[in-house]
Amino acid sequence: MPMFYTKNLPAWERALRVVAGVAIAVVGLVSHQPPLIAGTLLATGIFTGMTGFFGFCPMCAMVGRKLDKR
């Protein structure tokens, strides 16, 4: 199966995004905010965590960021 994307996040940033994504999603789940705000936090946390898990950020790709292959 061909890969349709190229990783554009270094390992340290991937780990940071996964941790931050989980934290943001938890805040969205346990906060006493209106559903729209809580849902937005949850969706943001999930998206942030997934970019870290897969190592690909669509926004970084849009601006031409590439992973340095050392």
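The following paragraphs describe helix H1 and the two cysteines Cys57 and Cys60 in a predicted model.

Helix H1 comprises residues 11–30, 20 residues in total. From its first C-alpha to its last, H1 reaches 29 Å, close to the 28 Å expected at 1.5 Å a residue.

The two sides of this helix may be considered in turn. Glu13, Arg17, Gly21, Ala25 and Gly28 are the buried residues to note in H1. They lie on the same side of H1, because the arc they cover around the axis is only 100 degrees. The cover over the buried residues of H1 includes helix H2 (35–54) and helix H3 (58–62). On the other side of H1, by contrast, Ala11, Trp12, Leu16, Val19 and Val30 are exposed.

The cysteines form a separate topic. A disulfide is a covalent bond between the sulfur atoms of two cysteines. A search of the whole structure finds zero disulfides. Cys57 takes part in none, and the cysteine sulfur nearest to its own, that of Cys60, is 3.5 Å away. Likewise, Cys60 is in no disulfide, its nearest cysteine sulfur being that of Cys57 at 3.5 Å. Because a disulfide requires the two sulfur atoms to be within 2.5 Å, a separation of 3.5 Å does not qualify.

The accessibility of each cysteine completes the description. Cys57 has a relative accessibility of 5% and therefore counts as buried. Cys60, at 11% relative accessibility, also counts as buried, since the limit for that class is under 20%.

Methods
Residues numbered from 1 in each chain as written. Predicted model: local features only at pLDDT ≥ 70, side-chain atom pairs only at ≥ 80, totals over all residues. Heavy atoms only, no water. Buried < 20%, exposed > 50% of the residue type's maximum accessible area, 1.4 Å probe, protein only. Helix = DSSP H or I, 4+ residues; strand = E, 2+ residues; numbered from the N terminus. Expected span 1.5 Å × (residues − 1). Arc of directions from axis to C-beta. Contact = heavy atoms within 4.5 Å.
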